[in-house]
Every structure is written in C-alpha cells, then in structure tokens.
Amino acid sequence: MDKNDFMKEALKEAREGVVNNDGGPFGAVIVKDGKIVVSSHNEVIASFDPTAHAEILAIRRASEKLGRFDLSDCEIYSTCEPCPMCFAAIHWAKIKTLYFGCTKMDAADIGFDDKFIYDVIKGETQEKKLFSYPFQRDDCLLLFEEWKNKEDKMSY
C-alpha cells in the first residue's frame with residue numbers, strides 16, 4: 001500500500017460516515033510501518049459527542065490498539081486539514097507526519113468554519129463566546145504539587 005491507498009481508505013471512511021449520517025464528510029487513517037493501524041470517520045451526530053472527529057477517534061483507537069499514547073512512529077491521513085482540536089490532538093500523540101486533502105477554507109465553504117477558534121487561539125478577536133474565570137487555584141495547586149512530587153508518575 002502507498003499514500004494514495006491510505007487516502008483512499010480515509011475517503012472511504014468519510015463517505016461511510018456521510019451515507020450513515022454519522023457526521024460530516026471527514027475520514028482519517030493512522031499508518032505505522034506502511035500498514036493501516038486504524039481508520040475512522042466523523043461520528044459527532046451518531047455519538048452525540050462534539051469531539052468525535054475522525055482524527056480524534058483514529059488517535060484514540062490507534063492508541064488503544066497499540067497499547068500506548070506515543071504515536072510518534074505513525075502517520076495520519078485525513079480527508080481535510082484538521083480543526084484546531086484535532087491539530088492539537090495530533091501534536092499530543094506526537095505524530096510527525098500529516099497528509100490532508102481539503103483545506104480549512106474548503107471546509108468553511110460547506111459550513112465547517114473554524115476561523116473563530118483559530119482567531120481566539122491567535123488572539124485576533126475581541127469577540128467572546130466563552131467566558132472563563134480563575135477559581136479555587138490554591139486548592140488545585142495542591143494537587144499539582146502532589147503530581148510534581150509523585151515518584152512513580154509516568155510522564156507524557
């Protein structure tokens with residue numbers, strides 16, 4: 001199998017999600033050593049889970065299948081440039097290579113517009129849709145200190 005085959009599998013997954021009304025037209029495939037580990041599609045509607053994007057599900061399932069959270073030896077193929085959440089998850093999984101089909105502008109053209117989130121992250125908007133407030137920091141810091149001093153913790 002090659003890159004074209006991996007993207008074809010991501011497209012097949014995306015189409016399945018569209019046909020089944022599971023979610024938007026998004027599919028993802030995680031590959032290790034030239035073989036597909038997992039493939040997935042958007043399941044936001046099917047699962048009532050706003051985080052059930054194709055890339056997130058692929059990362060979750062690959063991590064479970066491989067028994068680890070470090071996917072640095074894997075690649076991900078996605079039918080679309082990842083949203084900010086998926087982009088961050090790809091980084092958290094330490095995946096080093098991402099191949100994508102459609103751009104975020106293509107996604108915006110069909111109603112999946114992440115521009116506001118990108119603008120918030122970059123500090124380029126004053127508009128607020130989420131209000132956040134520091135709360136009980138001292139209590140929370142105690143738990144942070146406990147983690148910091150924990151001798152048998154596993155870093156990630």
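How far is the sulfur of C80 from the closest cysteine sulfur, and which residue holds that partner? The legends below take up this question first, then turn to the cores and to α4 of this predicted model.

**View 1. C80 and C102, two cysteines without a bond.** The closest cysteine sulfur to that of C80 belongs to C102 and lies 5.5 Å away, which is too far for a bond. A disulfide would need the two sulfur atoms within 2.5 Å, and the structure holds 0 disulfides. While you are here, look at the surroundings: C80 is buried, with a relative accessible area of 4%, whereas C102 is partly exposed at 39%.

**View 2. The largest nonpolar core, with 21 residues.** I30, V38, I59, A62, L71 and I95 have the most contacts inside this core. At least two core residues come from each of β1 (27-32), β2 (35-41), α3 (54-66), β3 (74-80) and α4 (84-92). The largest share, 5 residues, is supplied by α3. Zoom in on A62 and you will find it touching I30, V37, V38 and L71, leaving aside residues up to four places away in sequence.

**View 3. A second, separate core of 6 residues.** Among its members are F6, A10, V29 and Y77. In soluble globular proteins, nonpolar side chains tend to be buried together.

**View 4. The buried residues of α4 and their neighbours.** P84, C86, A89 and I90 are the buried residues of this helix. Their packing partners are α3, β3, β4 (97-102) and α6 (115-122). Just after α4 comes K94, with a positive phi near 65 degrees.

Terms used: Residues are numbered from 1 along each chain as its sequence is written. This is a predicted model: local features need pLDDT of at least 70, side-chain atom pairs count only at pLDDT 80 or more; totals for chains, interfaces and linings use all residues. Side-chain values use heavy atoms; hydrogens and water are left out. A nonpolar core is a set of buried Ala, Val, Leu, Ile, Met, Phe, Trp, Tyr and Cys residues joined through side-chain atoms within 4.5 Å. Buried means under 20% relative accessible area, exposed over 50%, partly exposed in between (1.4 Å probe, protein chains only). Helices (H or I, at least four residues) and strands (E, at least two) are DSSP runs, numbered from the N terminus. Contact means heavy atoms within 4.5 Å.
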